[in-house]
Structure formats: structure tokens, C-alpha cells
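Let's take a look at how the protein chains and the DNA strands sit together here. Have the viewer open as you read.

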Number of protein chains: 2
Amino acid sequence: MPTSMKDIARVAGVTESTVSRALANSPRVNADTSMRIRRIAREMGYVPSAIARGLATRRTSTLGVVVMEPFEAFTADMVNAINRTASDHGYSVILSVCGPDPEREMNAIRLLLEQRVDAIVVPDPLVADSSLPQLQQIGVPVILLNRGAYTFSVGTDNLDGARQAVEHLLELAHRRIAYIGGTRSPDENTQRQEGYLRAMSAWGVPADPSLLVVGDGWPAGGKSCMEQLLALDERPTAVFCFNDLVASGALQAIHNAGLRVPQDISVVGFDDSSLAPCLVPPLTTFAQPKETMARMALRIALDLLDGYDASARIILSGKLIVRESTTRCSP
Amino acid sequence: MPTSMKDIARVAGVTESTVSRALANSPRVNADTSMRIRRIAREMGYVPSAIARGLATRRTSTLGVVVMEPFEAFTADMVNAINRTASDHGYSVILSVCGPDPEREMNAIRLLLEQRVDAIVVPDPLVADSSLPQLQQIGVPVILLNRGAYTFSVGTDNLDGARQAVEHLLELAHRRIAYIGGTRSPDENTQRQEGYLRAMSAWGVPADPSLLVVGDGWPAGGKSCMEQLLALDERPTAVFCFNDLVASGALQAIHNAGLRVPQDISVVGFDDSSLAPCLVPPLTTFAQPKETMARMALRIALDLLDGYDASARIILSGKLIVRESTTRCSP
DNA sequence: CTGTTAGCGCTTTCAC
DNA sequence: GTGAAAGCGCTAACAG
């Protein structure tokens with residue numbers, strides 16, 4: 001058995017309470033005794049029990065994060081960012097992985113509730129809109145990322161992100177610009193597509209329906225969509241992709257067709273996941289402000305825990321990262 | 001406050017003990033009462049408290065995982081695999097992220113100990129050999145991955161992996177084969193390099209020292225190493241890389257030089273991380289048996305918890321995944 | 001400044 | 001088959 005406060009108390013010849021205070025650096029305990037107690041604790045290899053403390057204080061300083069398997073680039077980055085901010089605030093992170101299934105997602109949340117996490121963050125939520133209200137009744141703050149329909153959410157401005165991406169291409173003189181969507185997140189897809197359409201029309205470029213294709217949001221889908229686009233009589237000179245994974249699939253298809261990026265076709269992704277700079281060529285992509293999102297999410301959670309009303313649907317703006325997958329349209 | 005067993009007991013007109021038993025499906029409680037209790041629990045929205053149970057049983061059914069930030073592909077995959085097996089065994093996973101610094105790694109472990117995790121797994125350990133013994137004295141099982149020097153470890157046969165990779169290239173008639181190492185994991189690097197050298201000598205191919213370069217184990221390092229190799233008077237026709245990240249950097253350098261993969265140069269990676277199939281072209285790479293590694297690691301941990309002596313340095317073999325980045329040498 | 005006391009929510013003997 | 005009681009390790013009033 002690991003040493004407990006009781007053990008320390010015995011050795012130090014004081015009560016548990018004093019030990020507790022000393023270890024918490026309470027000013028209400030004699031400086032000498034305090035120091036002595038801490039020394040003894042160290043010598044005895046004392047490791048405080050977070051679960052016992054949790055039981056007593058009804059706060060575990062623990063944050064639950066639900067992610068969908070498999071970790072894809074954006075999610076992994078997000079977990080990273082969340083973890084970083086969480087530990088800055090003295091929080092540990094419990095990871096609960098679920099499959100691509102709303103029911104398993106709910107189950108993952110239940111598991112976290114059993115662990116009595118103080119709050120839950122879901123970077124890639126797939127819960128149905130109809131179950132959203134239920135999430136607020138759950139007892140602990142649940143924050144969703146990129147889910148504007150929910151009261152406690154922080155997300156990226158997809159509309160504007162898509163606009164930035166497409167305008168970048170338009171500025172490079174591209175006109176036949178395609179959009180490869182992804183069904184894995186219908187809301188986000190709709191918004192990004194809308195942003196694409198608006199940018200096009202703002203520049204007076206008529207939208208060609210055949211340039212609007214939709215895959216599954218994974219590399220395979222991106223690849224087959226791109227193949228479809230390449231088979232067009234008049235193929236696009238640029239493509240804007242739902243996310244970086246889709247873009248990687250597109251890159252493969254273009255390469256297989258014997259074409260070059262960006263000379264023959266420019267490609268833009270979305271997310272600026274850790275995958276983006278590794279691709280050949282390094283991908284131009286819209287960066288979601290992941291760090292800020294994580295910080296905001298945690299802020300909402302902590303405010304809620306402190307009893308403040310933190311209802312907020314925060315929408316952050318990101319910025320385009322221009323790398324080497326885009327260039328001026330050369331007809 | 002969430003409903004507790006006490007609440008249920010009051011409503012059901014029984015004692016807490018009976019509720020506890022009923023909820024645990026103990027046969028020692030009357031079938032009818034048991035069912036009734038479980039119904040009440042459900043109706044009251046009861047969520048058991050894992051931390052209270054943990055306090056009482058001194059088992060938290062919780063597994064700690066320490067990973068180095070940033071999550072790179074292999075680690076993320078490993079966390080996935082560990083999580084999957086863990087939840088198969090009814091375990092939750094607490095993630096503790098540390099920087100690339102042994103001290104912070106130890107700190108991450110401490111944090112997990114406070115949470116009273118039942119065991120700890122470290123997929124990419126960077127603790128010094130000299131601190132290894134300390135890990136065994138820590139109170140809970142600590143399993144390291146890919147760290148043969150440690151008593152409780154499971155890893156991949158790096159020597160054989162490198163051999164497989166290089167022999168694949170040799171069979172494709174390559175002779176000028178380079179190795180791009182990575183210092184981020186000295187042990188593994190040494191082993192993979194050794195495997196490379198042995199395969200070469202087994203085939204009677206004299207090793208050219210100028211074909212042996214070493215980077216940092218990240219894409220940037222891979223890129224600059226590859227540039228160095230391309231500047232050689234007689235450049236290699238194939239490169240074997242320390243890991244997939246390095247390979248992605250190499251791919252970029254080759255692309256920038258106006259050369260093609262695999263026609264001009266074949267490239268082999270290591271790990272078969274989720275990055276590999278996304279690259280252009282999809283990367284031939286040696287696959288570590290991640291699922292098996294996770295399973296074995298958990299098995300050791302559970303055996304240890306059950307009081308068995310599970311000392312074992314398990315070395316698993318993996319297999320080469322041939323994709324499109326390698327082809328026959330065309331002189 | 002320190003001790004006493006009472007839980008936090010659950011499990012687990014030991015009785016009945 | 002069920003209850004009573006003790007305890008897991010810690011915190012937090014409340015006294016003194």
C-alpha cells in the first residue's frame with residue numbers, strides 16, 4: 001500500500017488534518033512543522049491520491065475528451081491542444097475513444113461521467129441535433145467543437161474559411177475551381193460548400209455543378225472524387241477540399257493521372273493538420289485556430305464549473321496557410 | 001448532486017449493501033428485488049462513481065498512457081491500439097502528455113500515479129537507461145514499448161524489420177541503398193542501421209559510408225538528409241528511412257529535385273503509420289505489429305496486477321507493406 | 001496554529 | 001437473502 005496522510009501524520013506526530021494543510025501549503029500551519037511534514041512526506045515517497053481527494057472535494061481536476069477513432073490528423077492535433085491547456089490549468093485528461101457511431105459516443109460520455117470528470121470536451125461530435133438538449137442536462141459541462149447548433153460550443157468560421165481558401169485560388173486567376181466535400185460532418189460540409197459558392201459568385205464566376213463533388217471525408221473518398229473530376233471534359237485547374245485527408249487523396253489521384261501539383265492543378269485543404277506539411281507538395285490549407293479553440297473550450301467549462309452562465313456559441317476565425325500546392329493558373 | 005446508492009436504497013427500501021450487490025448482479029440477492037433495484041437505479045439516472053469504487057477496491061480499472069508531444073503518426077496509432085484493447089478489458093485510458101524531455105516524462109508518470117491508475121504504458125519512452133530500475137519500484141506496473149533494456153517491455157524486431165526493408169530493395173536490384181537515420185531514438189536507430197548493414201553485407205554489397213546519414217527523426221531532418229544524398233556524385237537509387245516521417249521529408253526533397261518516386265529513387269519507411277498510405281506515392285513501409293504490441297503490453301500489466309511474475313522482454317516481428325514508393329532499379 | 005469530527009460513495013466482511 | 005458496520009484516503013467545517 002502506498003503511504004497515506006495517516007502514515008505521515010503518525011510519523012510526524014500530528015493529525016491528518018495538519019498533514020493535509022501542510023501539504024496544501026496552507027499558511028495556517030506553523031512554518032517549521034509544515035516544512036518538517038513535507039520533508040517526511042517526501043522521504044516516505046508519498047503520492048497523494050487524486051481519487052480520494054476527488055471523493056472529498058467532488059472535483060477531480062480531470063477533463064474528459066471524447067474522440068472518434070481513428071485519430072485522424074485534426075483530431076489528434078486538437079487532443080494535443082486540449083491537453084496542453086488542460087495541464088496548464090492543473091487538469092488531467094481522460095481519453096475516451098468511440099467509433100464513428102453516435103451511440104458509442106454517448107457511451108463514451110457515460111464512461112467519463114463514471115470517472116466523475118469535471119467537464120467533457122468533444123472535438124469531433126457526431127451526436128444528432130435532436131440529442132443536443134440532453135447533453136446540457138447531463139450534470140457536467142459538455143463542450144462541443146465545431147457544432148454551432150449547441151449552446152456550449154466553439155468552432156471555426158467555416159464559411160469564411162472556405163471563402164479565404166477559394167479567394168486565394170481566384171486571386172491566382174483560377175476560375176474552374178472544384179470543391180470536394182465530405183459527408184462525415186454534414187454541417188461543416190454544408191458551410192464550407194456555401195463559402196465556396198459565395199466566393200465564386202462574389203467574383204462573378206458562375207458555379208458549374210459538375211465541379212461540386214462529395215466524398216466521405218477520408219483519403220479514399222478524396223481520391224475517387226478527384227478521379228471523377230479529372231475525367232471531366234474540361235477539368236478544373238484548382239480544387240478546394242473538405243479537409244487535408246481528402247486533399248491527400250486528391251493529390252494521389254492527380255499524381256496517378258500523370259499531372260503535377262501545382263503546375264497543372266492547385267490544391268487547397270482545410271484544417272492545417274499535421275499531415276499538411278508532410279505531403280508532397282506541402283499543402284496550402286486553411287488553419288483552424290486549434291490552440292484558441294482548446295483554450296476557449298476550457299474557459300467555458302471552467303466558468304460553468306464556477307457557476308457562471310457561460311452559454312456561448314463561439315465562432316473563431318482562422319487563416320490560410322499558403323504552402324506549395326497552389327500557384328497561378330497557367331492556361 | 002448525482003444520485004448515489006444511498007438514494008436508491010432509500011427509494012427501494014433496502015440497504016446500500018443490497019443495492020451494491022444488486023447492481024453488481026450478485027446471485028446472493030433475491031431476483032425480484034434485484035430487478036426492482038436496477039429499475040429504480042435506471043429511473044433515477046444513476047451513474048456509478050468510479051472513483052468511489054476505486055477508493056474502496058483499490059483498483060481503478062484505469063490505464064495510464066504517457067506519450068510524447070507532439071503526437072506523431074506512430075504514437076497516435078499506438079494510443080489507438082492501446083485504447084482499443086484497454087476498453088475490451090473494461091479499462092479506461094488516462095492520457096498524460098509530456099514534452100520531449102525525460103524529466104517531464106517522469107512527471108507525467110507521477111501524475112498518473114496520483115490518479116491511481118492500475119498500470120502505465122509508455123509507447124515512446126525516453127527515460128534514460130539508468131532510471132530504468134526505478135520504474136520497477138514505482139508501485140504499479142510500468143510497461144515500455146520498444147525498449148529492450150527494460151524488464152517489462154514489448155517491442156518490434158528492429159533488426160529484422162530493417163533487414164526486410166533493405167532486402168526488398170536488394171531484390172528489386174538496388175545496390176546503392178542509403179539509410180537515413182534518426183537520433184530521436186538512439187537505440188532503435190542503431191538497431192535499424194545495424195539491420196541495414198547486415199542485409200547489405202549478407203548480399204555482398206559493400207557499404208558506402210557516404211550513404212549512411214543521420215537526421216533528427218522528423219520530416220525536416222529527412223528532407224535535409226535526402227538533399228545531402230542527392231548532392232552526392234553517385235546518388236543512391238533507393239533509401240531506407242528511420243520512420244515514415246523521415247520518409248515524407250525525403251519524398252519532398254526528391255520531388256523538389258525534380259526526380260520521381262519510385263522511377264528514379266525508391267523509398268522505404270518504417271512504422272506503417274497512418275501517414276504512409278496518404279503520401280504521394282503511397283509509402284512502402286515496415287509495419288510494426290501495433291495491435292499485438294498493445295495486447296501484449298496489457299497482458300503483461302494485467303498479469304502483474306494479478307500477482308504473476310510477468311517479467312518479459314517481448315520482441316515481435318512485423319512485416320513489410322509494399323505500396324508504390326518502391327520499384328525495380330532501372331539503371 | 002492544531003485537533004476533532006464528519007462525511008465523500010462505494011465495497012466487503014461478518015452477523016443474522 | 002439482507003443488514004450493520006467498518007473503512008478506502010482525503011478534505012472541511014467547527015472548535016479550541
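What follows covers the two DNA strands in turn, and then the domains of chain A.

Keep in mind that this is a predicted model.

Start with DNA strand D, which has 24 residues around it. The ones that come nearest are A:Ser4, A:Met5, A:Ser17, A:Ala56 and B:Asn30. Which elements give two or more residues to this surface? They are α2 (16-23) and α4 (50-57) of chain A, along with α2 (16-23) and α4 (50-57) of chain B. The largest share, 5 residues, is down to α4(A).

Now swing over to DNA strand C, surrounded by 25 residues. Here the closest are A:Asn30, B:Ser4, B:Ser17, B:Ala52 and B:Ala56. Both chains chip in again: α2 and α4 of chain A and α2 and α4 of chain B each supply at least two residues of the surface. This time α4(B) brings the largest share, 5 residues.

As for the chemistry of the two surfaces, here is how their residues divide up:

| Surface near | Nonpolar | Polar | Charged |
|---|---|---|---|
| DNA strand D | 10 residues | 10 residues | 4 residues |
| DNA strand C | 11 residues | 10 residues | 4 residues |

Finally, zoom out to chain A, which is divided into domain 1 (5-56), domain 2 (60-156 + 289-318) and domain 3 (158-287). Domain 2 of chain A is written as two segments, 60-156 and 289-318. How far apart are the C-alpha centres of domain 1 and domain 2 of chain A? They lie 34 Å apart.

Definitions and conventions. Residues are numbered from 1 along each chain as its sequence is written. Chains are lettered from A and ligands numbered from 1 in the order in which they are written. This is a predicted model: local features need pLDDT of at least 70, side-chain atom pairs count only at pLDDT 80 or more; totals for chains, interfaces and linings use all residues. A residue is near a molecule or strand if its C-beta atom, placed from the backbone, lies within 6 Å of it. Helices (H or I, at least four residues) and strands (E, at least two) are DSSP runs, numbered from the N terminus. Ala, Val, Leu, Ile, Met, Phe, Trp, Tyr, Cys and Pro count as nonpolar, Asp, Glu, Lys and Arg as charged, and the others, Gly among them, as polar. Domain bounds come from an automatic or database domain assignment.
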